[in-house]
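Reader: Hi! I've got this one open on my screen and would love to talk it through with you. Could you help me find my way around?

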Protein chains: 2
Amino acid sequence: MTDTSQQRGTGADLKRAILDEARRTLVEQGYPALSTRKIASAVGCTATSIYLYFKSKDALVHALIDEGFEELNGRLEEAVAAEGTGLERLQRGARAFVDFGLERPAYYEIMFLLRPERMERYPAEAYRRARRSLEAFAELASVPAAEGLRRATIVMTALHGLVALLIAQRVDASLDRKTLIEEAIHFACAATFAPRSGDGAS
Amino acid sequence: MTDTSQQRGTGADLKRAILDEARRTLVEQGYPALSTRKIASAVGCTATSIYLYFKSKDALVHALIDEGFEELNGRLEEAVAAEGTGLERLQRGARAFVDFGLERPAYYEIMFLLRPERMERYPAEAYRRARRSLEAFAELASVPAAEGLRRATIVMTALHGLVALLIAQRVDASLDRKTLIEEAIHFACAATFAPRSGDGAS
DNA sequence: CGGGTAGGTTGACACTGTAAACTGGTGACG
DNA sequence: CGTCACCAGTTTACAGTGTCAACCTACCCG
């Protein structure tokens, strides 16, 4: 009965509590509502205490981004791993990516939507982890490795655009979401398997 | 010789000066650097004077967004208007869209990258104007009108994803930018002209 | 001359992230 | 046992943000 109804540990416990509260705020109220003072008061410490465990607010957000990529990578690997043709596996991966974005828009925002200059650069080491999903896609492409990365990037950009505009509610509401997503995934993935410069109409 | 080396008009002139300075700051230093006090001091008035002409900072940004869409729409219409097949015209439009985003990343950011809940909703009337480009794309699609909007949306999302990730510098630096863009546009536009559910290989 | 009003300013409030200095408690060592 | 150092956290403060309420001032009109 030492703590006064505040969840409040010390040391590593406090760090965890801060991270938990930050994640909660992020998920429930979005990135803009993420403030050091709010986190601190919810967790029962002062705002400056956060700086004992995170170099800056950005560093805290980086930690959340890491969490996000961990979950995303997990989902993607699972989706891609199962049996099926390359195209099928790619499509499952694409669906997993889109689902992640739509289910966790706040995570998606901090992972993909924050401009880097506002974000005091996400460290390159972690960046590489963020690219694992891209590489998973590249391996599935049915083109030479040199082009595989490009094709995979194209798929990623297409999926990202889909998720980003859906999250931002900038897609015409009259469109059926499910059909749109299915078709967008279909075309995006097909591109990865298309021959070099097939200009032909039928 | 009434003004003291500050560009400083009164009334509508001041409003224009504020808008000009806001645009300059946006273009040169990006959205995060856009602050009412900075604009005010650069333009030679107080921060609160901005509120005489704009309901809020968001309203000021809305005005810039309007400018952005005006330019974008102009470019798109020009690109799409000239002669050529539907596919060619669509591709020119797509290129124009991507070029706009890469040449004016700050404009692109406020137009497409700001989440709506952070943005006190861009008014619906202006929103419609923002959709003109989409409709221009839809008209070019070689599918029934009902599907045209969806196909156009898919192209838009693909292009948006491309621009967004390029701007955010989240595209592998080893890739040749020009080739990536060309190929992405190629595939995106091809989708609009593909038959219904062409699953076929070759 | 009197007064209303458009156009701007002053000052304040409630926030934000963050740095420097301070404090209370706990363990180690002479 | 006494003292010293260290560590976790707090206090205080600074510079910045958007925005509102009150004030002030110069001009025009009757």
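Author: Happy to! One thing up front: this is a predicted model. Let's begin at DNA strand D, where the nearby surface has 6 nonpolar, 10 polar and 5 charged residues.

Reader: Nice. Which residues come nearest to DNA strand D?

Author: There are 21 residues around DNA strand D, and A:S49, A:Y53, B:T36, B:T48 and B:Y51 come nearest. As for the DNA side, sugar and phosphate make up 57% of the strand D atoms that come within 4 Å of the protein.

Reader: What does the side chain of A:Y53 sit by on that strand?

Author: A phosphate oxygen of DNA strand D, which is 2.3 Å from an N or O atom in the A:Y53 side chain. From chain B, a polar side-chain atom of B:Y51 also lies 2.3 Å from a phosphate oxygen of strand D. For a base, look at A:T48: a polar atom of its side chain is 3.0 Å from a base oxygen of DNA strand D.

Reader: And which elements give two or more residues to that surface?

Author: Those are α3 (50-53) of chain A together with α2 (36-43) of chain B. The most comes from α2(B), with 3 residues.

Reader: OK, over to the other strand. Which residues come nearest to DNA strand C?

Author: A:T36, A:R37, A:Y51, B:S49 and B:Y53 come nearest, out of 22 residues around strand C. By class, that surface has 7 nonpolar, 10 polar and 5 charged residues. Of the strand C atoms within 4 Å of the protein, 59% belong to sugar or phosphate, and the rest to bases.

Reader: I'm curious about the bases. What is the side chain of B:R37 next to?

Author: An N or O atom of the B:R37 side chain is 3.3 Å from a base nitrogen of DNA strand C. The side chain of B:T48 has an N or O atom 3.3 Å from a base oxygen of strand C. With B:S49 the partner is a phosphate oxygen of that strand, 2.6 Å from a side-chain N or O atom.

Reader: Which element gives the most to the surface near DNA strand C?

Author: That's α2(A), with 3 residues. Here α2 (36-43) of chain A and α3 (50-53) of chain B each supply at least two residues.

Reader: Changing topic: how much area do chain B and chain A bury between them?

Author: About 4200 Å², with 61% of it on carbon and sulfur atoms. Each chain's share of the contact is 44 residues from chain B and 44 residues from chain A.

Reader: How many salt bridges are there across that interface?

Author: The rule finds 6 salt bridges between chain B and chain A. One to look up is A:E183 with B:R150, where the closest N and O atoms are 3.1 Å apart. On the chain B side, α6 (105-113), α9 (145-167) and α10 (177-193) give two or more residues. Of these, α9(B) gives the most, with 14 residues. By class, that side of chain B has 25 nonpolar, 9 polar and 10 charged residues.

Reader: Last one: where does A:E103 lie?

Author: In helix α5 (residues 86-103) of chain A. Its side chain makes a polar contact with the side chain of A:R75, at 2.8 Å.

Reader: So is A:E103 buried or partly exposed?

Author: A:E103 counts as partly exposed because its relative accessible area is 47%, and the partly exposed class runs between 20% and 50%.

Technical notes
Residues are numbered from 1 along each chain as its sequence is written. Chains are lettered from A and ligands numbered from 1 in the order in which they are written. This is a predicted model: local features need pLDDT of at least 70, side-chain atom pairs count only at pLDDT 80 or more; totals for chains, interfaces and linings use all residues. Side-chain values use heavy atoms; hydrogens and water are left out. A residue is near a molecule or strand if one of its heavy atoms lies within 4 Å of it. A polar contact is a pair of N or O atoms within 3.5 Å; within protein, one must be able to donate a hydrogen and the other to accept it, and residues adjacent in sequence count only if both atoms are side-chain atoms. Helices (H or I, at least four residues) and strands (E, at least two) are DSSP runs, numbered from the N terminus. Ala, Val, Leu, Ile, Met, Phe, Trp, Tyr, Cys and Pro count as nonpolar, Asp, Glu, Lys and Arg as charged, and the others, Gly among them, as polar. Buried means under 20% relative accessible area, exposed over 50%, partly exposed in between (1.4 Å probe, protein chains only). Contact means heavy atoms within 4.5 Å. Buried area is the accessible area (1.4 Å probe) that two parts lose on being put together, summed over both. A salt bridge is a side-chain nitrogen of Lys or Arg within 4 Å of a carboxyl oxygen of Asp or Glu.
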